[in-house]
Amino acid sequence: MEKEDYEVFGVSMANIRNKNEKKVIEFMKKLIPQFPEFDYCTICLQDVYALSLNQLTARYTQSGTIVLKKDLADDDFRDVVESAIETVTKNVKHPD
Ligand SMILES: [Zn+2]
């Protein structure tokens, strides 16, 4: 995506997005091996990734204030990625 696509009224949202994406990937690598039932297919991996990012957006909203400058804690990422993995392994969207 072009850099300016991440700008809102001249403020770039790219940093926060990049930071979240990197953290989600980091925790996916750490946590997925703890789920023996995970199948490591493209669809499931992308589902975990997309679901985690959606959940993180919800967390920012939940806290009620503009917290774009505040970093989420590692525990937040761990929670979110872990629950995304659980959701995806329990609701596999494709035939075997
Ligand atoms: Zn799968």
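**Close-ups of a three-helix, two-strand chain**

Buried residues account for 15% of the 96 residues in the protein chain. Keep in mind while browsing these views that this is a predicted model.

**View 1. The whole chain, with its elements in order from the N terminus.** Three helices and two strands make up the secondary structure here, and reading from the N terminus they go β-β-α-α-α. Take the contacts between residues at least 6 apart in sequence: 75% of them link residues at least 24 apart.

**View 2. How confident the predictor is, element by element.** Averaged over the protein chain, pLDDT is 84, and 81% of the residues score at least 70. Strand S2 (residues 11-12) has the lowest confidence, with a mean of 79, while H3 has the highest, at 95. A general caution goes with any such plot: where pLDDT is low, the predicted coordinates shouldn't be read in detail.

**View 3. Helix H3, its buried side and its other face.** H3 runs over residues 74-90, so to speak 17 residues' worth of helix. From first C-alpha to last it reaches 24 Å, close to the 24 Å expected at 1.5 Å a residue. Its buried residues are Phe77, Val80, Val81, Ala84, Ile85 and Val88. They sit on the same side of H3 because they cover an arc of only 135 degrees around the axis. Asp75 and Lys90 are exposed, and they're carried on the face turned away from that buried side.

**View 4. The largest nonpolar core, 10 residues in all.** Its members are Val24, Phe27, Val48, Leu56, Phe77, Val80, Val81, Ala84, Ile85 and Val88. Helix H1 (14-31), H2 and H3 are the elements that each put in two or more residues. H3 gives the most, with six. As background, nonpolar side chains tend to be buried together in soluble globular proteins.

**View 5. Gln55 on helix H2, and what it touches.** Gln55 belongs to H2, which spans residues 42-62. Is this residue buried, exposed or partly exposed? Gln55 has 18 other C-beta atoms within 10 Å, so it counts as partly exposed; the buried class needs 20 or more. Setting aside neighbours within four places in sequence, Gln55 is in contact with Val80, Ser83 and Ala84. Two of the names there, Val80 and Ala84, also turn up among the buried residues of H3. For a ruler in this view, try Gln55 to Asp79: they're 24 residues apart in sequence, and 9.8 Å apart in space, C-alpha to C-alpha.

Conventions:
Residues are numbered from 1 along each chain as its sequence is written. This is a predicted model: local features need pLDDT of at least 70, side-chain atom pairs count only at pLDDT 80 or more; totals for chains, interfaces and linings use all residues. Helices (H or I, at least four residues) and strands (E, at least two) are DSSP runs, numbered from the N terminus. A residue is buried if 20 or more other C-beta atoms lie within 10 Å of its own, exposed if 12 or fewer, and partly exposed in between; C-beta atoms are placed from the backbone. Two residues are in contact if their C-beta atoms, placed from the backbone, lie within 7 Å. The expected span of a helix is 1.5 Å times one less than its number of residues. The arc is that of the directions from the helix axis to the C-beta atoms. A nonpolar core is a set of buried Ala, Val, Leu, Ile, Met, Phe, Trp, Tyr and Cys residues joined through C-beta atoms within 7 Å. pLDDT is the predictor's confidence in each residue, from 0 to 100.
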